[in-house]
Structures are given as C-alpha cells and as structure tokens.
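Hi everyone, thanks for coming. I'd like to walk you through a couple of spots in this one, so let's get it up on the screen.

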Amino acid sequence: MSESILPNQVLNNFSNSKPLRLPTHLYKVTKDYLKPKDINKIQKAYTFAYYAHDGQTRKDGSAYVSHPIEVAKILADLKMDPDTICSALLHDVLEDCGVQKNSLLQIFGKDVANIVDGVSKLGKIEMQDKAERDANNFQKMALAMAKDVRVILVKLCDRLHNMRTIEWMPRHKQIIKSKETLDMYGPLALRVGMESIRSELEELAFKCIHPLRAKMIESAVLKSSGGRKKIVTKIRKELKSHLKQNNVEGAAVKGREKGVYSIYKKIKTKRKPFSEILDVYGFRILVDSVDDCYRALGIIHNYFKPIENRFKDYIAIPKSNGYQALHTSLLALDAFPIEVQVQTRSMFNSANIGIAAHWGYKTSESSTGLDIKATKWLSSIVDMHKRSDSSSEFVESIKTDLDPNEVYLFSPKGNIFPLKVGATPIDFAYEVHTDLGEKIVGCRVNRKEVPLNIELETGQTVEIITSDTPPPADPSWLNFVVTSKARKGITALLRNQKISAARKAGKLLLESELKRTGHDLNEFRGSSLKRILKSIGTPSLDKLLVDLGLGKKTGNIIAERFYSGLKIRKIEEDNNVDPLKIDDNHIEGVPIVFARCCHPIFGDQVITHSDTERGLVIHNKQCKQIEKRIGRDPRLLETIWLDTNRKHEYIACINVITENRVGVLADMLSIFTKEGINVVNLNTKEIDKRFTGFLIELEVSDKDYLSSIMAKIRAKKFTSSCKRVINKQ
Ligand code: MN
C-alpha cells in the first residue's frame, strides 16, 4: 500500500472537496429506500474513502476504492441502514491508510467508527491451522463483533467480495483464505441466517481449494441433467397443478439446484454414492401465508407418498438462526425420492438475508432487542467452539439450536463462560477455577458489589473477590448453587473443614488427657508411636485424631493405651488440668460453635463439648443438657475465656415482664436502638390483662454489658422484671 498519503492529507483533501457523486449502482439502490440526508452521509463516506485510498490499487490493477464500493453494494442490496453502508465504504481506511478512529468518530459518529474499528480488528486475525490458536482467535473475533452485530455483516460482505476476486491472490494465500472461509465465515453466515451469502462463500472457497473435485462434480451434474431436467419439470408441473386444483393461490414451485460444495459435503458425510445424492430432487414451494404452507403440505402428502420420519416443522419451531419452513420427503411418481421445502415468500427472503432482514433500515429504531439476541448467539458460538475439537464438529454444533438453559458471562479479562441458568457468583467462581471457588469472599457484577447468592444474567461481567484466608465454607451455599462443579467443590470443602476441625479437636482431647499425667503428645513418636497405633488398630495418628474428634473413639481409653505404650502408670488425677482457652471464636485455631440451647456469652462459666457432628461446641455450665454430665463425660472439657482480641458478638436471651400498655415495646426497643444493639428475635406473650412478657434475643459482646442493658430495662417504670434466660424451655 502506498505510504505517500499522510492521514492529515486525507483529511485535508476530504474537507476541501465537495462530496463526490456515488457510483451509479450504489446510488440507485440506496435512493430507493433511504432519505436524502442518509444518501448525503453515504456520499461523504464515499468521498472520504476515495481520498483515503487515493493512489492505492488492488491486485487486479483497479483502484482500491472499487473494493469498498462493491462491499457497500452488497449491503445496500440487503437494504441495510445508512451507517452500515458508510462503514462498508470506510472499512479499510483504518487499516491501510493510517486514518485514526477518532477522525471517523468526529466525522461519522460513534456507530460508524465502532463498526469500522471492529471490522479492522477482525481483519488482523489470521486464522491458523493450529486448533488452539484458532479457538483463541475466534473468541477474540466474536468478542469484537459482539459489540455490534453489523460488524459481522460488513465483514461477511467484505469476505464475499474478496472471495469473488480471489484469483488475483497468490496461491498460498488463496488456500489460507478459502480454508478460513469454510471454517469460520460460512458457519458464521449460517448462524446469522444469511443463506445466500453462506452458499456463495462456500462454493467459491471449495472451488478454490479443490478445483479438480469441483470440476468433476460439476461435469457429473451436467451429464445427469439431461434426464434430470425432464423429471424435474414433470414433478414440478404435477405439484403445481395439485396445488392449483386445491385452491392454494399464487403458489410458486421451483426445482432447487444443489451447489457443488453441498453435494461434496453429502458425499463425504453421508457416505453415499454420487448418483444417489444427485438422484434426490429438491423442490421449494413458496406461498403467501402460513396457513397456505400447511395446506400445501397436506395436499402434496395426499398425492405423493411421504417417506417416514422425514417431516420437520420449522415454522412452529424455527431454527435458532430464525429459519422457518416445512421440510418433508416424498416418493414422487412412485419412483423418485424428492425433498420439498414449503415456506412463505417472506420466510424465503429472511432465510436468504437472515439477520440483515431484521436489521434493515425500517427496524433500526427498535433494534436494541435484536442487539441482545445477537450478542447471545455470538456468545454461544464461542461456547460451542470451545467445546468442539475439530472444525467439522464445530460446524455441526453451530447448527444445533441455542441452548435456552444457559447464561453467558464475561470474566473481567473478557473471556466468556457458559453456565446453567440460575448460576450464582459461586458457580461462576468454580467454573473459572476451583481455586477461585475455594477463595471466594465476594463478587462484583458490572463493577457493583453483589451478594453471593444472586442469579447471574447473560452479558454480565463477573469479577470474583478472593482472599487467601477465606472464612470457612458455608453449608447454606449448597441451597442455591446450580452447577455440579460448585456443588462438588463446596461439599469437598465442607468435608475437609469437618475433618480438619475434627483432627484439631481430637488432638485437643488427647493432649488434655495426656496432660493430666504430665505427658505431652510430642513424647510419642517413631516406633513406640507405631506400636501404640497398631495396638489401637488405627493406621495413622492423623486418622486416630480425626476419629477422636468425631467421637468415634474415646479420649481417656486411648490415653490409657498411650500410657501403657510408654510403660507408665496413670498417676492419680491431677485436678489442675490446663483448661481449653476460647480465643474469640476459636480454640487453638479450631473454629467453635456456641450452643443454641443455652446461649453462652463471654464471661459465663462455660464448658466445651466435643460433639461428633458439630465439632467443639461451647455450652453454658448451667445448660440443662450438659449440667448432669459434667465430670462424667470425657468429651466435656474444662474451658475458660481469653480476654484478647475479642470481636465475636454473642446471642443472649432475656425475659422481660412489663405492664401491659401502649408504647412499652417501642420504649424498650429504643434502649437497644440507642446502644446499637441488634435484636435477633422477639416474642411477645400476654400474661394477663395487666402484664406482658417479652422473650428477646440480642447480640452483645459480654456478660457485663448485658447486665448494664438489663439494668437500663429494669430502670423503666413499666418493667416488672428482667431476667437472663439460659435454657428457653
Ligand atoms: Mn476489505
């Protein structure tokens, strides 16, 4: 490309020039459906392109600007909106002429600038043979396109014109471009439902890669066409007259010609001999209404014998690219299998130009909905491509319908992740990486922080916030995650947490037992430890500690084994056993649970119960469930509070009896509000006409503080009594 023209010169020439007259064809087509002001804009784009490409030539020797003009023509024939036509005219100016996107933005506005930019970016992606690169590039490509579906339309038409003129390229480039076309652009055109562009692209690419095979098929088609023509004409006439006799007005019946590539594909995929494929005759019946489609179908089924299981109703259930028609196969004239497609004329038109039909000028004002749809299917292509191993599988998968049970989400880096509908940030985190799931502490959706249980929606950008020291996994997560990956991950995490908590609890139990005799677990190691473990019948110390923690084995019995292992006698019980120390909500790093039956709070006399299911549970010593077992159950361990770095808020339960009059509750609640106390639960019970009882659960930091609050309640005139409740029943 020429480098003699600097961008500012382009701009100078452009702004000093009057708008140039549009090439005749482009003018004729656009003036038919666009307003004068739109034509003016297109003229401006043409003028800009003209100066930008000034001096550049195509490989065939023509002025370069002829290429964007041809691309614009194809799009104008599809009746695309003016911005798409402008973008087509300008689609190569960023790439080849050093023009800045900003200039386009200022002169032609945001849409044109973005479309041209998107098309240029796609142009830079050269498809490689290697599958990995291919997938990666494709993803980028789809992302670039997802912003505006018109990028694809321009790109497809750009590629179409380049394929039409591919003979001017060097052979090796012809092959690369043709493979790319078969692998990527054909399926893409199919996905957007642009059937005529798809078949032309594929025919051109196939003929370029396999010129001999194409010729061979062509001549075979030609050879058989003599006899064929007669039969086709005969069947066509029959179909037509049957429809007419039965009052389906204005029906058109056409024989469908198969392209060489579609014949080649059938030979390859169906593994049928050539003659058999050619012997299937295709017909298309075009009518005016949906009603007529079904009537026409009924009529031809009446005269020709339908072949079983070959009927498909794509009118009631359109293909995901919007294609609608009735498909059926029949035996005509008792001998010839025929394939018949019945559709309305507008369905036929839509099938040929696909998404462009929806994006046409008339509907451009209400195009937002379509934009979302387009983004959706683009995401789905990326998804399908990721899953399939080869391009042929990709082509197959791309044909299958979009899965309505999935949502498509973006990572902050722009990668797309498909997930089940209903997926939450936790599902997303596990989908990206197990590590992310295990470390998740929060989530931002489109940069806003959200709870971990919200349902994610297609198109959202999801950023997972992690911590290297996340809090323990929450079993309630299992209630809302939807993917098996997340479910498995959380279950594994909970199991590990339980096992590690049990092992720590077991260690505490055993150590506290051993300490009674002045021994330490560290004294037991090597072969003596092995012998002891063998006598207990457990494979490892780890397993033993877990079993102890889970209550499957009893601490003092195990301790006995340890003593006998060291050949020492258990000395008289020492009453000055080191108690366990509660450090906020842990004991020596083991997370603890505060029993709900007796609501212990900091400052209460407490005891630790090593519970099989729940690990270390702290009870109030006055708890009715525990009281009688103290000193008898080896799983109850003496415990004290540490007064350092306390953060935990404890739930305490109090019972208040007041006079029965209006405003008492509000008055009492105002005490809590002033103190910033969180009321967790409140039950009212009328005792008699004069008194009311309140059972209140509140969050407090310690016993002294609770006492001060209770004193404030008692100080109220209306209060008859205020007591702490240990066991509610
Ligand atoms: Mn181009």
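Before I start pointing at things: when I say two residues touch, I mean they have heavy atoms within 4.5 Å. And keep in mind that this is a predicted model.

Okay, T84. This residue sits in helix α5, which covers residues 82–90. Which residues does T84 touch, leaving out those up to four places away in sequence? They are L75, R150 and V154. There's also a polar contact between the side chains of T84 and D81, at 2.5 Å. So is T84 buried or exposed? Buried, because its relative accessibility is 0%, and the cut-off for buried is under 20%.

Now let's jump along the chain to a sheet. It's an open one with four strands, in the order β19-β20-β18-β21, and the pairing is antiparallel. At the edges you've got β19, residues 679–686, and β21, residues 719–725, each pairing on one side only. On average, neighbouring strands here are turned by 15° against each other, ignoring direction.

Look at the pair β18, residues 650–659, and β20, residues 691–700: they run antiparallel and are joined by ten bridges. One example is T658, whose bridge partner in β20 is T692.

Two helices pack on this sheet as well. Helix α26, residues 664–675, touches β18, β19 and β20, and its direction makes about 15° with that of β20. Helix α27, residues 703–714, touches β18, β20 and β21, with its direction at about 165° to that of β21.

That's my tour, thanks!

How values were computed. Residues are numbered from 1 along each chain as its sequence is written. This is a predicted model: local features need pLDDT of at least 70, side-chain atom pairs count only at pLDDT 80 or more; totals for chains, interfaces and linings use all residues. Side-chain values use heavy atoms; hydrogens and water are left out. Buried means under 20% relative accessible area, exposed over 50%, partly exposed in between (1.4 Å probe, protein chains only). A polar contact is a pair of N or O atoms within 3.5 Å; within protein, one must be able to donate a hydrogen and the other to accept it, and residues adjacent in sequence count only if both atoms are side-chain atoms. Two strands pair if DSSP finds at least two bridges between them. Axes are lines fitted to C-alpha atoms, for helices over the stretch in contact, and angles run from 0 to 180 degrees between N-to-C directions.
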